[in-house]
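Me: Hi! Could you walk me through this structure? I'm new to this, so plain words please.

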Amino acid sequence: DVRRFLDRFRDSSWTLLRSAYDAMHQLVFAAWYSDPRAWPAIGYPGPPAIARSSKTGPIRSLSAWGWRR
């Protein structure tokens with residue numbers, strides 16, 4: 001079954017299998033927490049709204065600051 005398969009990877013004496021488990025674990029968690037439908041389950045209200053001030057004006061490119069390639 002899937003649970004035993006994942007447990008063998010997680011608890012393996014081989015670094016490669018443990019690393020594979022860690023990578024799969026991180027991918028699943030990233031997918032779950034990036035989905036807005038999952039946010040209420042963890043009490044996350046969502047990212048804050050960023051207000052744009054009319055005083056700051058448009059974002060200037062790096063060349064406007066004197067940076068050259």
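**Salt bridges and aromatic pairs**

Me: Let's begin with charges. How many salt bridges are there?
Reply: The count comes to five salt bridges, taking a salt bridge as a side-chain nitrogen of Lys or Arg within 4 Å of a carboxyl oxygen of Asp or Glu. Keep in mind that this is a predicted model.

Me: Why would such side chains pair up at all?
Reply: Side chains of opposite charge can pair when their charged atoms come close.

Me: OK, show me one. What does Asp 7 meet in a salt bridge?
Reply: Asp 7 meets Arg 10, with 3.3 Å from N to O.

Me: And where do Asp 7 and Arg 10 lie?
Reply: Both belong to helix 1, which covers residues 2-10. Asp 7 and Arg 10 are three residues apart there, and that is about one turn of the helix.

Me: Is Asp 7 buried or exposed?
Reply: Neither label fits: Asp 7 is partly exposed, because its relative accessibility is 22%, and buried would need under 20%. Its partner Arg 10 is also partly exposed, at 36%.

Me: Which other residue forms a salt bridge with Arg 10?
Reply: Asp 11 does, with an N to O distance of 3.1 Å. Asp 11 counts as exposed because its relative accessibility is 53%, and the cut-off for exposed is over 50%.

Me: Which residues are linked in a network of salt bridges?
Reply: Arg 3, Asp 7, Arg 10 and Asp 11 are linked in that way.

Me: What does Asp 35 form a salt bridge with?
Reply: Asp 35 pairs with Arg 37, and their closest N and O atoms are 2.8 Å apart. Asp 35 is partly exposed at 22% relative accessibility, whereas Arg 37 is exposed at 73%.

Me: New topic: rings! How many aromatic pairs does the structure hold?
Reply: There are three aromatic pairs. One of them is formed by Phe 5 and Phe 9, a tilted pair with 4.7 Å from centre to centre and 40 degrees between the planes.

Me: How far apart are Phe 5 and Phe 9 along helix 1?
Reply: They are four residues apart in helix 1, so about one helical turn separates them. Phe 5 is partly exposed, with a relative accessible area of 35%, while Phe 9 is buried, with 17%.

Me: And Trp 39 with Tyr 44, why is that pair called edge-to-face?
Reply: The planes of Trp 39 and Tyr 44 stand at 80 degrees, so the pair is edge-to-face; the cut-off for that label is over 60 degrees. Their ring centres are 5.1 Å apart.

Me: Are those two buried or exposed?
Reply: Trp 39 counts as buried at 18% relative accessibility, and Tyr 44 counts as partly exposed at 37%.

Me: Last one, the surface. Which residues form the nonpolar patch?
Reply: Val 28, Phe 29, Trp 32, Tyr 33, Ile 42 and Tyr 44 do, with about 610 Å² of accessible area together. So Tyr 44 turns up again, after its pairing with Trp 39.

Me: Where does the largest share of the patch come from?
Reply: From helix 2, residues 15-34, which gives four residues. Trp 32 has its place in helix 2 and is partly exposed at 45% relative accessibility.

Definitions and conventions
Residues are numbered from 1 along each chain as its sequence is written. This is a predicted model: local features need pLDDT of at least 70, side-chain atom pairs count only at pLDDT 80 or more; totals for chains, interfaces and linings use all residues. Side-chain values use heavy atoms; hydrogens and water are left out. Helices (H or I, at least four residues) and strands (E, at least two) are DSSP runs, numbered from the N terminus. Buried means under 20% relative accessible area, exposed over 50%, partly exposed in between (1.4 Å probe, protein chains only). Rings of Phe, Tyr and Trp (its six-membered ring) pair if their centres lie within 6.5 Å; planes under 30 degrees apart count as stacked, over 60 as edge-to-face and the rest as tilted. Patches are made of residues with over 30% relative accessible area and no salt bridge: like charges are joined within 9 Å, nonpolar side chains (Val, Leu, Ile, Met, Phe, Trp, Tyr) within 5 Å. Accessible areas come from the Shrake-Rupley method with a 1.4 Å probe; for residues, only the protein chains shown count as cover.
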